[in-house]
Amino acid sequence: MINSYADLDDAGVAMAAARAGADVVRSMYGRRLTRIDKGAGDFATAADVEAEKTILGVIRAARPDDAVLGEEGGQQGAAETERRWLVDPLCGTLNYAVGNMLVAVNVALRNGAAAVADPFSGEIFFTDGETARVRHEGVDARLSPTPDTRLVDVNLDPPFPGAPGFRAVDLLAQPGFVERFRPRVVSTTLALAWVAAGKRAAYVTDGGDLSGSVHFAAGIALCRAAGCVVTGIDGAPIGQAGRGLVVAADGETHELLMSMIRSSRRHRT
């Protein structure tokens, strides 16, 4: 089975790796797991570590010359290489540790293919860099973002590098926000895949350059390939000069959120 990974294209590798990690996450769910303290209130569990090992095994078998940046294991291979995989084996560790199933397994080739697996629904969201699809029970469907749900996920987890000029929590207090949208806080980047799939209208988070983040790279790739509007919290393209993330199903939703963000900033200056 492992030898067959080398025959896969990059999207196939991303999917196989994400699926393998999701199998580990699902199999270890509900156990009393060892926690590894990472400081500042953050931690990993034995499931994070085991899932990453399994994912890396797939990538090494399929693409032995590629570099990998893992959430738990760090950089492996030459950091400057053009082909680098970004791996978050369990996004939503705190959810998982307390018995909440809102988690994701994220695998992305920098500037290329990506996959996000939901261990509990069995869905795997994936892109080859051109189109975005979801596979469920062996059937593929194209992802179609839509704002119809009016549900917007807002990441309220620290740190808050945009403060005091921007605080995501301020959106929730704006009359215009609650008139148009309904806030959700799922604490996992599975929410980005949901925007691409039409299950969410938008996603908002503070942060620095998230384009190379193991947490966000796969979700960003999915949303871009699906046709979502993807920018930083200042409306600029994400990248080294960008900060945070605003992903919306369409331009109207994106502009509404940006106007609310600008309004919050004005009130703080």
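A pocket, as the word is used here, is an open set of grid points with protein on both sides within 12 Å along at least five of seven lines. Keep that in mind as you work through this predicted model.

**Exercise 1.** Describe the largest pocket and its lining.

*Solution.* Start with the space: the largest pocket holds about 940 Å³. Next, look at the lining, which is made of 34 residues; D42, N155, D157, P158 and H215 are the closest to the centre. Then find the elements involved: among those that supply at least two lining residues each are β2 (42-45), β5 (84-91) and α3 (93-97). Finally, sort the lining by class, which gives 14 nonpolar, eleven polar and nine charged residues.

**Exercise 2.** Find the element that gives the most to the lining of the second largest pocket.

*Solution.* The second largest pocket has about 240 Å³ of space. Its lining counts 13 residues, with N111, G112, A217, A221 and R224 closest to the centre. Two elements, β6 (104-109) and α7 (217-226), give two or more residues. Of the elements, α7 gives the most, with five residues.

**Exercise 3.** Decide whether N111 and E137 are buried or exposed.

*Solution.* First locate them: N111 sits in the loop between β6 and β7 (114-117), and E137 in the loop between β9 (132-136) and β10 (139-142). Now use the cut-off: exposed means over 50% relative accessible area. N111 has 79%, so N111 is exposed. E137 has 72%, so E137 is exposed. As a last step, check the backbone: phi is positive at about 60° in N111, which is not a glycine, and near 55° in E137.

Terms used:
Residues are numbered from 1 along each chain as its sequence is written. This is a predicted model: local features need pLDDT of at least 70, side-chain atom pairs count only at pLDDT 80 or more; totals for chains, interfaces and linings use all residues. Side-chain values use heavy atoms; hydrogens and water are left out. On a 1 Å grid over the protein atoms alone, a cavity is a set of points where a 1.4 Å probe fits but cannot get out, and a pocket is an open set with protein on both sides within 12 Å along at least five of seven lines; lining residues have an atom within 4 Å of a point. Grid points are joined across faces, edges and corners, and a volume is the space filled by probe spheres set on the points. Helices (H or I, at least four residues) and strands (E, at least two) are DSSP runs, numbered from the N terminus. Ala, Val, Leu, Ile, Met, Phe, Trp, Tyr, Cys and Pro count as nonpolar, Asp, Glu, Lys and Arg as charged, and the others, Gly among them, as polar. Buried means under 20% relative accessible area, exposed over 50%, partly exposed in between (1.4 Å probe, protein chains only).
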